[in-house]
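Trainee: Can we go through the aromatic residues and the cavity here? I'd like to hear what stands behind each label.

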Amino acid sequence: MTKQESSNVRDSILATGQRIMAGKGYSAVGLNEILSAAGVPKGSFYHYFGSKDAFGEAMLEAYFEDYLAEMDRTLQQPGKTMAARLMDYWKLWQATQSFEDCQGKCLAVKLGAEVADLSESMRLVLRRGTQAIVARLTAAIAAGVQDGSLAIEGDAGAVAAGLYQLWLGASVMAKIERTTQPFETALASTRQMLRLAS
(Lines give C-alpha, C1' and ligand atoms only; values in the text may rest on other atoms or scores of the structure.)
Protein backbone atom coordinates (compact mmCIF):
# COMPACT_ATOMS: atom_id res chain seq x y z
CA MET A 1 0.00 0.00 0.00
CA THR A 2 1.37 3.40 -0.97
CA LYS A 3 1.62 6.27 1.47
CA GLN A 4 -1.25 8.01 -0.35
CA GLU A 5 -3.48 4.90 -0.16
CA SER A 6 -2.65 4.53 3.53
CA SER A 7 -3.60 8.15 4.15
CA ASN A 8 -6.85 7.67 2.22
CA VAL A 9 -7.80 4.64 4.34
CA ARG A 10 -7.09 6.52 7.56
CA ASP A 11 -9.06 9.56 6.35
CA SER A 12 -11.96 7.31 5.33
CA ILE A 13 -12.10 5.73 8.80
CA LEU A 14 -12.02 9.17 10.44
CA ALA A 15 -14.70 10.64 8.16
CA THR A 16 -16.97 7.63 8.60
CA GLY A 17 -16.55 7.66 12.37
CA GLN A 18 -17.21 11.38 12.50
CA ARG A 19 -20.44 11.05 10.51
CA ILE A 20 -21.76 8.12 12.58
CA MET A 21 -20.74 9.53 15.98
CA ALA A 22 -22.25 12.93 15.16
CA GLY A 23 -25.56 11.10 14.99
CA LYS A 24 -25.24 8.53 17.76
CA GLY A 25 -22.58 9.77 20.16
CA TYR A 26 -19.23 8.26 21.10
CA SER A 27 -20.15 5.50 23.54
CA ALA A 28 -23.04 4.16 21.44
CA VAL A 29 -20.83 3.45 18.43
CA GLY A 30 -18.59 0.40 18.25
CA LEU A 31 -15.52 0.06 16.09
CA ASN A 32 -17.15 -2.71 14.04
CA GLU A 33 -19.92 -0.33 12.94
CA ILE A 34 -17.40 2.27 11.78
CA LEU A 35 -15.17 -0.24 10.02
CA SER A 36 -18.09 -1.96 8.33
CA ALA A 37 -19.44 1.37 7.06
CA ALA A 38 -15.95 2.37 5.88
CA GLY A 39 -15.34 -1.04 4.28
CA VAL A 40 -12.12 -1.54 6.23
CA PRO A 41 -10.99 -4.72 8.05
CA LYS A 42 -10.51 -4.52 11.82
CA GLY A 43 -6.78 -5.16 11.60
CA SER A 44 -6.40 -2.00 9.55
CA PHE A 45 -7.94 0.07 12.33
CA TYR A 46 -5.15 -0.85 14.77
CA HIS A 47 -2.57 -0.07 12.12
CA TYR A 48 -3.70 3.56 12.29
CA PHE A 49 -5.07 3.92 15.83
CA GLY A 50 -3.91 2.24 19.02
CA SER A 51 -7.31 2.35 20.71
CA LYS A 52 -10.81 3.78 20.41
CA ASP A 53 -9.68 6.78 22.48
CA ALA A 54 -6.72 7.36 20.13
CA PHE A 55 -9.20 7.23 17.25
CA GLY A 56 -11.45 9.71 19.11
CA GLU A 57 -8.55 12.12 19.55
CA ALA A 58 -7.59 11.90 15.87
CA MET A 59 -11.22 12.30 14.82
CA LEU A 60 -11.68 15.43 16.95
CA GLU A 61 -8.37 16.87 15.71
CA ALA A 62 -9.46 16.32 12.09
CA TYR A 63 -12.86 17.83 12.87
CA PHE A 64 -11.36 21.00 14.35
CA GLU A 65 -8.83 21.29 11.52
CA ASP A 66 -11.66 21.27 8.96
CA TYR A 67 -13.88 23.51 11.09
CA LEU A 68 -11.16 26.13 11.58
CA ALA A 69 -10.27 26.12 7.87
CA GLU A 70 -13.93 26.75 7.01
CA MET A 71 -14.14 29.42 9.70
CA ASP A 72 -11.05 31.14 8.27
CA ARG A 73 -12.59 31.16 4.79
CA THR A 74 -15.76 32.75 6.16
CA LEU A 75 -13.95 35.37 8.23
CA GLN A 76 -11.58 36.30 5.39
CA GLN A 77 -14.17 36.91 2.66
CA PRO A 78 -13.09 39.89 0.56
CA GLY A 79 -15.31 42.91 0.07
CA LYS A 80 -17.23 42.61 3.35
CA THR A 81 -16.99 44.31 6.70
CA MET A 82 -15.92 42.14 9.61
CA ALA A 83 -19.42 42.47 11.08
CA ALA A 84 -20.89 41.00 7.87
CA ARG A 85 -18.34 38.18 7.91
CA LEU A 86 -19.17 37.38 11.54
CA MET A 87 -22.88 37.29 10.77
CA ASP A 88 -22.13 34.93 7.86
CA TYR A 89 -20.29 32.71 10.36
CA TRP A 90 -23.28 32.57 12.70
CA LYS A 91 -25.65 31.86 9.82
CA LEU A 92 -23.35 29.06 8.68
CA TRP A 93 -23.35 27.75 12.25
CA GLN A 94 -27.14 27.69 12.21
CA ALA A 95 -27.14 25.83 8.89
CA THR A 96 -24.59 23.20 9.92
CA GLN A 97 -25.06 22.71 13.67
CA SER A 98 -28.81 22.18 13.69
CA PHE A 99 -30.84 19.41 15.29
CA GLU A 100 -31.32 17.82 11.86
CA ASP A 101 -28.72 15.51 10.31
CA CYS A 102 -25.57 17.61 10.52
CA GLN A 103 -23.42 15.13 8.54
CA GLY A 104 -20.63 15.17 11.09
CA LYS A 105 -20.41 18.97 11.21
CA CYS A 106 -21.73 19.28 14.78
CA LEU A 107 -19.25 16.94 16.45
CA ALA A 108 -18.11 19.31 19.21
CA VAL A 109 -21.73 19.95 20.18
CA LYS A 110 -22.66 16.27 20.04
CA LEU A 111 -19.64 14.85 21.84
CA GLY A 112 -18.44 17.71 24.06
CA ALA A 113 -20.06 16.81 27.37
CA GLU A 114 -19.94 13.06 26.75
CA VAL A 115 -16.25 12.58 25.98
CA ALA A 116 -15.03 15.28 28.37
CA ASP A 117 -16.16 12.95 31.16
CA LEU A 118 -14.83 9.78 29.50
CA SER A 119 -11.35 10.69 28.35
CA GLU A 120 -8.92 13.35 29.53
CA SER A 121 -7.00 13.20 26.25
CA MET A 122 -10.16 13.82 24.21
CA ARG A 123 -11.21 16.60 26.60
CA LEU A 124 -7.89 18.32 25.94
CA VAL A 125 -8.39 18.08 22.16
CA LEU A 126 -11.85 19.62 22.61
CA ARG A 127 -10.37 22.34 24.80
CA ARG A 128 -7.65 23.21 22.27
CA GLY A 129 -10.16 23.21 19.43
CA THR A 130 -12.70 25.42 21.17
CA GLN A 131 -9.95 27.78 22.36
CA ALA A 132 -8.82 28.15 18.74
CA ILE A 133 -12.39 29.02 17.70
CA VAL A 134 -12.69 31.63 20.45
CA ALA A 135 -9.29 33.07 19.50
CA ARG A 136 -10.46 33.55 15.91
CA LEU A 137 -13.69 35.13 17.10
CA THR A 138 -11.69 37.45 19.38
CA ALA A 139 -9.50 38.60 16.49
CA ALA A 140 -12.53 39.07 14.23
CA ILE A 141 -14.43 41.10 16.84
CA ALA A 142 -11.37 43.28 17.49
CA ALA A 143 -11.01 43.83 13.72
CA GLY A 144 -14.71 44.72 13.49
CA VAL A 145 -14.32 47.31 16.24
CA GLN A 146 -11.31 48.72 14.40
CA ASP A 147 -13.10 48.91 11.02
CA GLY A 148 -16.13 50.48 12.72
CA SER A 149 -18.61 47.83 11.57
CA LEU A 150 -19.46 46.72 15.13
CA ALA A 151 -19.10 47.92 18.69
CA ILE A 152 -18.79 46.04 21.96
CA GLU A 153 -18.80 46.73 25.64
CA GLY A 154 -15.67 45.42 27.32
CA ASP A 155 -12.96 43.06 26.14
CA ALA A 156 -13.11 41.36 22.71
CA GLY A 157 -11.98 38.05 24.24
CA ALA A 158 -14.76 38.07 26.82
CA VAL A 159 -17.36 38.92 24.17
CA ALA A 160 -16.03 36.16 21.88
CA ALA A 161 -16.16 33.57 24.67
CA GLY A 162 -19.66 34.69 25.63
CA LEU A 163 -20.89 34.43 22.04
CA TYR A 164 -19.36 31.00 21.53
CA GLN A 165 -20.95 29.72 24.73
CA LEU A 166 -24.28 31.28 23.70
CA TRP A 167 -24.20 29.45 20.37
CA LEU A 168 -23.16 26.14 21.95
CA GLY A 169 -26.12 26.44 24.28
CA ALA A 170 -28.42 27.31 21.38
CA SER A 171 -27.23 24.20 19.53
CA VAL A 172 -28.07 21.99 22.50
CA MET A 173 -31.48 23.64 22.93
CA ALA A 174 -32.23 23.27 19.21
CA LYS A 175 -31.65 19.53 19.60
CA ILE A 176 -33.89 19.38 22.69
CA GLU A 177 -36.69 21.49 21.23
CA ARG A 178 -36.36 20.24 17.64
CA THR A 179 -36.82 23.77 16.32
CA THR A 180 -34.51 26.49 15.05
CA GLN A 181 -35.94 29.04 17.51
CA PRO A 182 -32.89 28.86 19.83
CA PHE A 183 -30.73 29.97 16.89
CA GLU A 184 -33.05 32.91 16.20
CA THR A 185 -32.73 33.93 19.84
CA ALA A 186 -28.92 33.54 19.69
CA LEU A 187 -28.79 35.60 16.49
CA ALA A 188 -30.79 38.42 18.10
CA SER A 189 -28.54 38.35 21.19
CA THR A 190 -25.45 38.34 18.97
CA ARG A 191 -26.68 41.44 17.15
CA GLN A 192 -27.23 43.17 20.50
CA MET A 193 -23.81 42.21 21.83
CA LEU A 194 -22.12 43.47 18.65
CA ARG A 195 -24.47 46.49 18.49
CA LEU A 196 -25.65 45.71 14.98
CA ALA A 197 -28.87 46.90 13.42
CA SER A 198 -31.52 44.18 13.01
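Trainee: Which residues form the one aromatic cluster?

Mentor: Y63, F64, Y67, Y89, W90, W93, Y164, W167 and F183. Bear in mind that this is a predicted model, where local features need pLDDT of at least 70, side-chain atom pairs count only at pLDDT 80 or more, and totals for chains, interfaces and linings use all residues. Residues are numbered from 1 along each chain as its sequence is written, and side-chain values use heavy atoms, with hydrogens and water left out.

Trainee: How many aromatic pairs does a search of the whole structure find?

Mentor: It finds 15. One of them is W90 with W93, at 5.9 Å centre to centre and 45° between the planes.

Trainee: Why is the pair of W90 and W93 called tilted?

Mentor: Rings of Phe, Tyr and Trp (its six-membered ring) pair if their centres lie within 6.5 Å; planes under 30 degrees apart are stacked, over 60 edge-to-face, and the rest tilted. The 5.9 Å makes W90 and W93 a pair, and 45° is neither under 30 nor over 60, so the pair is tilted. Both residues lie in helix α5 (residues 82-96), three residues apart, about one turn of the helix; helices here are DSSP runs (H or I, at least four residues), numbered from the N terminus.

Trainee: What makes W90 count as buried?

Mentor: Buried means under 20% relative accessible area (1.4 Å probe, protein chains only), with exposed over 50% and partly exposed in between. W90 has 1%, so it is buried. W93, at 3%, is buried too.

Trainee: And why is the pair of W167 and F183 called stacked?

Mentor: The planes are 20° apart, under the 30 degree limit, and the centres 6.0 Å apart, so this pair is stacked. W167 is in helix α8 (residues 156-177) and F183 in helix α9 (residues 181-193), 16 residues apart. Both are buried.

Trainee: How do you know that the charged end of K52 sits over the ring of Y26?

Mentor: The rule asks for NZ of Lys or CZ of Arg within 6 Å of the ring centre and within 35 degrees of the ring normal. For K52 the distance to the centre of the Y26 ring is 4.4 Å, so the distance part is met.

Trainee: What is the span of α6 set against?

Mentor: The expected span is 1.5 Å times one less than the number of residues. With 12 residues, α6 reaches 16 Å from its first C-alpha to its last, close to the 16 Å expected. Its buried residues include L107, A108 and V109.

Technical notes: Helix = DSSP H or I, 4+ residues; strand = E, 2+ residues; numbered from the N terminus.
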